[in-house]
Amino acid sequence: MKISATNESAASVQADAVVVGCYADGELQPAATTIDQAAAGAITGLIEAKEIVGKAGELTRILAPSGIAATQVILVGLGARDELDRRGAFRAAAAPAKLLASKQRAHVAFYLNDNWDADLVEAAICGSMTGSQGQDLYRAEKKLLPFEKISWAAAGEPVLSSGQTLGHAVALTRRLVNEPANKIYPESFADVAVDVAAKCGLEVEVWDEDKLKAERCGSLLGVSQGSTRPPRLVILRHNGGQRGDAPLALVGKGVTFDSGGLSIKPSDGMKAMKCDMAGAATVVGAMQAIAELQLPVNVIGLVGLTENMINGDAVKLGDVLTARSGKTIEVLNTDAEGRLVLADVLDVAVEQGAAKIVDLATLTGACLVALGMDTAGLMTNDQAWCDELSDAAQLCGEAAWQLPMYPEFSEQIASKVADIKNIGEGRWGGSITAAKFLEEFVQDKPWVHIDIAGPAFLDSPKPWLDAGGSGAFVRTLVELARGWRS
Ligand code: BES
Ligand code: MN
Ligand code: ZN
């Protein structure tokens, strides 16, 4: 998908569609006024008739308007002008993009930028790319057909480029999540990461099964031993900062399919479990953007890749694994595998000299119970670091809510035979007991855990986003790296 700037007027641009905006109470953006004047007051007529009110999310199509070069105009409601934020800007561009992608359209021109701050324009450009891409990778007849060309009016080169970088990063993450588990498994995921690294200039290191054994990653290996596909651990490095400055570490859960293992999931709970590598996909997408934006910081991305399957070698209930850190873990539920994977990857992150850590994981169904489908759970051992992450998410319009890490929750993961066990007592507070388990492996480094079990994968579509992989938190991670001071 090609994005370019246009200097044409909204009325005369040759395009299949022009997208213009209207604030609350029918206040037209300048480009919408241009269209209205060329089309003999067509839009103001609709406002007077209360067909258009400018509410956020409102979409009005005007087909074959007279006096306009484009085939159709879409008028997007933007809500109150002074309340418009990045979430609103992203959706204002993504919703018309999704609507227009229902048919093959070569060129869509966006005229939403009304002297907006660069961060709003960047979010909107990212939205214009994201809305038109769907999850139907393997359908002959696609429901959503990306445009050949997108143009943006009044957008300078820097923001055109950074918006596009974010759009590509979100698309990469979504595609990785949407690919089924017979296409994306640990080796093929690692291959993608190597390709991405080569294209955008990241350093990359891939640990295969022998290396993982040599590195004593017994917890990750315990999960993978029931699968015929071998595990991988990938380390990506962006060295944009001072040599020797301790890096920010982004860690991702990459379970390419979660059957539950011997604690097997029912079919309904297993159907979408190709998405269990979304944390890893988010890290790879964000690393790509961080490299392309050439951010002046050191960042490492680490992803632990394995399937959670069942064969005769599969880990059994009651088995004790020795994690890379030396801690012993009693496995009492093989479906609590994400924390076993992350235990070793977090240990590697600490050893790699991380100053601070963020991990992302589709870790617990309990997080969906607690916060619903659209909100990520934040858990931390360092409030200031969590506030930084939370501020970045808020700026980007990505919903996240903190859950408490009271010490009482740790008692639940005490084991009678090993140092810890991999589940709590019963289901209550399951997201927090999982986070307490992870905390055991970060050696007091400032750390935030983001449970993205809800927002990473949508069961049903939104007006601005197809169902399936969402790319949630790619933009938040990039924002965090932009503000990073080690
Ligand atoms: N990958 C799942 C969590 C999940 C559930 C992600 C729904 C996305 C949507 C995870 O590995 C898991 O199975 N967790 C268990 C933990 C339990 C056994 C303590 C769960 O949530 O049921
Ligand atoms: Mn599981
Ligand atoms: Zn899982």
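This briefing describes the metal sites, domains, strands and cysteines of the structure shown above.

The structure is a predicted model, and the values below are computed from its atoms. The domain assignment of the chain gives domain 1 (8–153) and domain 2 (170–482). A manganese ion (ligand 2) and a zinc ion (ligand 3) lie 3.2 Å apart, with Asp258 bridging them. A search of the whole structure finds zero disulfides.

**Domains**

- According to the assignment, domain 1 covers residues 8–153 and domain 2 covers residues 170–482, and the C-alpha centres of domain 1 and domain 2 lie 36 Å apart.
- The contact between them takes 17 residues from domain 1 and 22 residues from domain 2.

**The manganese ion (ligand 2)**

- The protein donors of the manganese ion (ligand 2) are an OD atom of Asp258, the O and an OD atom of Asp335, and an OE atom of Glu337, which lie 2.0 to 2.2 Å from the ion.
- Along the chain, the donors of the manganese ion (ligand 2) follow the spacing D-x76-D-x1-E.
- Asp258 lies in strand 10 (residues 248–258), whereas Asp335 lies in the loop between strand 13 (328–330) and helix 11 (338–351), so this pair ties together parts that are 77 residues apart in sequence.
- The arrangement around the manganese ion (ligand 2) is irregular because its six donor atoms subtend angles of 72 to 170°.
- Asp258 is buried, with a relative accessible area of 3%, while Asp335 is partly exposed, with a relative accessible area of 23%.

**The zinc ion (ligand 3)**

- For the zinc ion (ligand 3), the protein donors are the NZ atom of Lys253, an OD atom of Asp258, an OD atom of Asp276 and an OE atom of Glu337, lying 2.0 to 2.4 Å from the ion.
- Six donor atoms surround the zinc ion (ligand 3) and subtend angles of 78 to 175°, which makes the arrangement octahedral.
- As background, the ideal angles at a metal with six octahedral donors are 90 or 180 degrees.
- The spacing of the donors of the zinc ion (ligand 3) along the chain is K-x4-D-x17-D-x60-E.
- Asp276 lies in the loop between helix 9 (267–270) and helix 10 (278–292), and Glu337 lies in the loop between strand 13 and helix 11, so this pair ties together parts that are 61 residues apart in sequence.
- Asp276 counts as buried at 2% relative accessibility, and Glu337 is buried as well, with a relative accessible area of 1%.

**Strands and their pairing**

- Strands 12, 13 and 17 form an open sheet in the order 12-13-17, and the pairing is mixed.
- Strand 12 (320–322) and strand 17 (420–421) are the edge strands of this sheet, each pairing on one side only.
- Strand 12 and strand 13 run antiparallel and are joined by three bridges, and Thr322 stands opposite Thr328 in strand 13.
- Strand 15 (residues 376–380) is mostly covered, since five of its five residues are buried.
- In a regular strand, the side chains alternate between the two faces of the sheet.
- In strand 15, Ala376, Leu378 and Thr380 point one way and Gly377 and Met379 point the other way, and all are buried.
- Strand 15 runs parallel to strand 16 (residues 400–402), to which three bridges join it, and Leu378 stands opposite Gln402 in strand 16.

**Cysteines**

- The whole structure holds zero disulfides, a disulfide being a covalent bond between the sulfur atoms of two cysteines.
- For Cys126, the closest cysteine sulfur is that of Cys396, at 9.5 Å, which is too far for a bond.
- Cys396 is likewise in no disulfide, and the nearest cysteine sulfur to it is that of Cys126.
- Cys126 counts as buried at 0% relative accessibility, and Cys396 counts as buried at 3% relative accessibility.

**An exposed loop residue**

- Arg243 has its place in the loop between strand 9 (232–239) and strand 10, and at 85% relative accessibility Arg243 counts as exposed.
- Arg243 and Lys98 are 145 residues apart in sequence and 43 Å apart in space, taken from C-alpha to C-alpha.

Methods. Residues numbered from 1 in each chain as written. Chains lettered and ligands numbered in written order. Predicted model: local features only at pLDDT ≥ 70, side-chain atom pairs only at ≥ 80, totals over all residues. Heavy atoms only, no water. Donors = N, O, S within 2.8 Å, 3.2 Å for Na, K, Ca; no water. Tetrahedral: all angles 85-135°; square planar, octahedral: opposite > 155°, others 65-115°. Helix = DSSP H or I, 4+ residues; strand = E, 2+ residues; numbered from the N terminus. Buried < 20%, exposed > 50% of the residue type's maximum accessible area, 1.4 Å probe, protein only. Pairing = 2+ DSSP bridges. Disulfide = S-S within 2.5 Å. Domains from an automatic or database assignment. Contact = heavy atoms within 4.5 Å.
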